[in-house]
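Hi everyone, thanks for coming. I'd like to walk you through one protein model this morning, beginning with the whole chain and then stopping at a few places along the way. Please have the structure open as I talk.

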Amino acid sequence: MSQDDASLEARLEEQEAFEPPESFVEQANVTDPGIYDEFEENWPECWEHAADLLSWDDEYDTVLEDGNAPFYEWFTGGRLNASYNCLDRHVEDGAGDSTAIEWEGELGETRTYSYAELLDEVGDFAATLRNLGVDEDDVVTLYMPMIPELPIAMLACARIGAPHSVVFAGFSADALATRMNSADSEYLVTCDGYYRRGDALDHISKTNEGLEGVDHEVSDVVVVDRLGDDLKHDLGDNQHDYDELVADHEGSSVEPVSRDAEDMLFLMYTSGTTGQPKGVKHTTGGYLAYTAWTSHAVLDIEADDTYWCSADIGWITGHSYIVYGPMALGTTTVMYEGTPDYPDKDRLWEIVERNEVDIFYTAPTAIRAFMKWGSEYPDQHDLSSLRLLGTVGEPINPRAWKWYYTNIGDEACPIVDTWWQTETGGMMITTLPGVNIMKPGSAGPPLPGIDARVVDAQGEEVEAGQAGYVTVNNPWPGMLRTLYNNDERFINEYWQEYSDEEADKWVYFPEDGAKIDDDGYITILGRVDDVINVSGHRLGTMEIESAVVGVEGVAEAAVVGGEHEVKGEAVYVYAIPEDGYEPTDDLQERVVDGVLDSIGPIAKPEDVIFTPELPKTRSGKIMRRLLEDIASGNDLGNTSTLRNPEVVDDIADQVSSD
Ligand code: WTA
């Protein structure tokens, strides 16, 4: 570290609040602090601002219909089509030649789609899907990596009113089958494979294995040929080559189907407390309006920007802030297929420089990796095109925040630390970059119109400086409408904890812990349920546990998150071998493989620890907190409430000797 760097770091270390840079504020989409009062006084009609960003086929009659809470409806009576809003209207407005998607493959090839070209591609694929028999409201599963055909397929589904269910390509065959079964999905779009660190990765074998686990008939599977000669494979009976099918429909135009505002736009499966992933249902009007509004107000996106969110479209961040929000605003959205360190650790900065990216949105895990690699990588590139930076998915530690602020933003870009969830559809707690000061580590105040609070176990607001639980006390347009085919679980998961049903007072519980400052800034402390957040990816401990106990030779298991320098949290497995089985390396490997097979590489255990017993309370509950502390190397405190305190030392010894 040079003298300059050291003194800069020392100065920043002290600094707890940062003003938004003047140059940013001058041009920002939202700069009036009065927006908070305006939204509060005019709630829920304030959300017309969001609806106004869209083109409606039929105007809505009511902004919020709350007669059947918590099954809220937004913009009722309105009709619209999401693909029309993301494509046609920009072309009609004369922006057909502006770039919609700037795609870059890992090997370095690029593809650029103007809005007019993308509309053509989407039209062709929409005609293809319809010709295969896909009807309005049929769920189409998209099991695809970061290739342009993924957003094309999403928008094609939206065009014909068929909800999509995107399954992250890194998920396993089993995970694909579970999601297709849960959604009764009869159509699948997938690909032969993709590139990772220069290697061709087989995706079609995994797809086929997953299809064997689907318990109903799958009508058609469309396979994109991404790898050409790098992977030869045969197509099954009901499988079609994407290019061949689309060629038959070239030049077809499918009129966008007018959808009710409350019609389902997509399903997205996410992890919860039980082993079964939850099918989060998002609708056409509220979701699109909310993602467009937050893209405008928080990400400060304008049509002539080049914007890059480095998430994968297989997660909600990619849905809301690579595809729907930015494209509704007609901007250029960058998509990159590969990893940030291939062929070298400056890959992302090279992409930023070459594309003159204005806005960059990523996860704290990535930032911590960049920090570890060192500032020489961004320093090799001219990043002066950047105007705004964002983070999402997990808490960002102040050190990583400050590194991002100086080394990527050159102290000239505000950072928005955006807290939200798959269920919320869009951002909920974050600063408005042209309005608020930034406090590293704290996401910020709730957005205008969002009544988020930090409360204690009884639902009373906590004092400034105290920790409690996040709640949201009024509905918002981007909220999930229910869990697919499971209204009961929807109520139980999100509304049970703090609502007063008799008083018809409904409070949404996101299951995150937080602390609030006296200026109303909220610092998110992490999940309070059995969900762990690995590199910003949400994984259910129960899902992983059921994979582990499915391994021959494992009697019982507990899975917890332990602190990890880069990933935020990592997966730790504690397992009791069955009688007759020894805690061998082979069993350890089989446990790891079991997790990879049932979920995928993102859930790969950091460590598998065998133990003859698990620490349990006197009532027989596994003490997860204690296991988390062991995994994180924390002080264990008092273990006297345990039924079997002696086991704790044994486990701790094993972990530290690894
Ligand atoms: C966590 C991702 C701290 C949180 C958009 C939430 C965050 C879960 C932040 C949702 C943030 C998301 N600061 N924690 N800025 N953003 N989280 O559904 O625990 O994949 O409940 O949505 O990520 O994860 P999900």
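**A walk through the model**

Let's begin with the overall picture: this protein has 21 helices and 30 strands. Please keep in mind that what you see is a predicted model.

How does the radius of gyration compare with that of a compact globule? For 658 residues, a compact globule would come out near 26 Å, and the protein has 24 Å, so the two agree. Along the principal axes, the C-alpha atoms fill a box of roughly 70 × 65 × 60 Å.

Now the inside and the outside. Of the 658 residues, 60% count as buried. The accessible surface comes to about 25,300 Å², and carbon and sulfur atoms hold 41% of that. As for contacts, if we take those with a separation of 6 or more, residues 24 or more positions apart account for 72% of them.

The charges may catch your eye as bench people: there are 40 positive side chains and 133 negative ones. The centres of these two sets lie 4 Å apart.

Let's turn to helix 11, residues 285-297. Its 13 residues, at 1.5 Å each, should span 18 Å, and the end C-alpha atoms are indeed 18 Å apart, so expectation and model agree. How many of the residues in helix 11 are buried? The count is 12 of 13, so you can think of this helix as mostly covered. Among the buried ones are Y287, Y290 and W293, along with G285, G286 and A297.

If you carry on past helix 11, you come to D300, in the loop that leads to strand 16 (306-309). D300 has a phi near 60°, which is positive even though the residue is not glycine. As background, most residues other than glycine have a negative phi, and most peptide bonds are trans. Is D300 buried or exposed? Its relative accessibility is 1%, so D300 counts as buried.

There is another aspartate to look at here. D137 also is not a glycine, and its phi is positive, at about 75°. You'll find D137 in the loop between helix 6 (115-132) and strand 6 (140-142). With a relative accessible area of 46%, D137 is partly exposed.

A glycine comes up too: G633, just after helix 20, takes a positive phi of about 75°. In helix 20 itself, residues 624-632, the buried residues include R624, L626 and I630.

Next, the cis peptide bonds. The bond from A69 to P70 is cis, with omega near 5°, and P70 lies in the loop between strand 1 (62-65) and strand 2 (73-76). The bond from Y342 to P343 is cis as well, with omega near -5°. P343 is in the loop between strand 17 (332-336) and helix 13 (347-355).

My last stop is V218, in the loop between helix 9 (204-212) and strand 11 (220-224). V218 has a relative accessible area of 10%, so it is buried. Which residues does V218 touch, leaving aside neighbours within four places in sequence? Its contacts are M180, E186, L211 and N238. For a sense of scale, V218 and I415 are 197 residues apart in sequence and 45 Å apart in space, C-alpha to C-alpha.

That's my tour, and I'm happy to take your questions.

Definitions and conventions: Residues are numbered from 1 along each chain as its sequence is written. This is a predicted model: local features need pLDDT of at least 70, side-chain atom pairs count only at pLDDT 80 or more; totals for chains, interfaces and linings use all residues. Side-chain values use heavy atoms; hydrogens and water are left out. Helices (H or I, at least four residues) and strands (E, at least two) are DSSP runs, numbered from the N terminus. The radius of gyration is taken over C-alpha atoms; the globule rule is 2.2 Å times the number of residues to the power 0.38. Buried means under 20% relative accessible area, exposed over 50%, partly exposed in between (1.4 Å probe, protein chains only). Contact means heavy atoms within 4.5 Å. Accessible areas come from the Shrake-Rupley method with a 1.4 Å probe; for residues, only the protein chains shown count as cover. Lys and Arg count as positive and Asp and Glu as negative; His and the chain ends are not counted. The place of a charge is taken as NZ of Lys, CZ of Arg, CG of Asp or CD of Glu. The expected span of a helix is 1.5 Å times one less than its number of residues.
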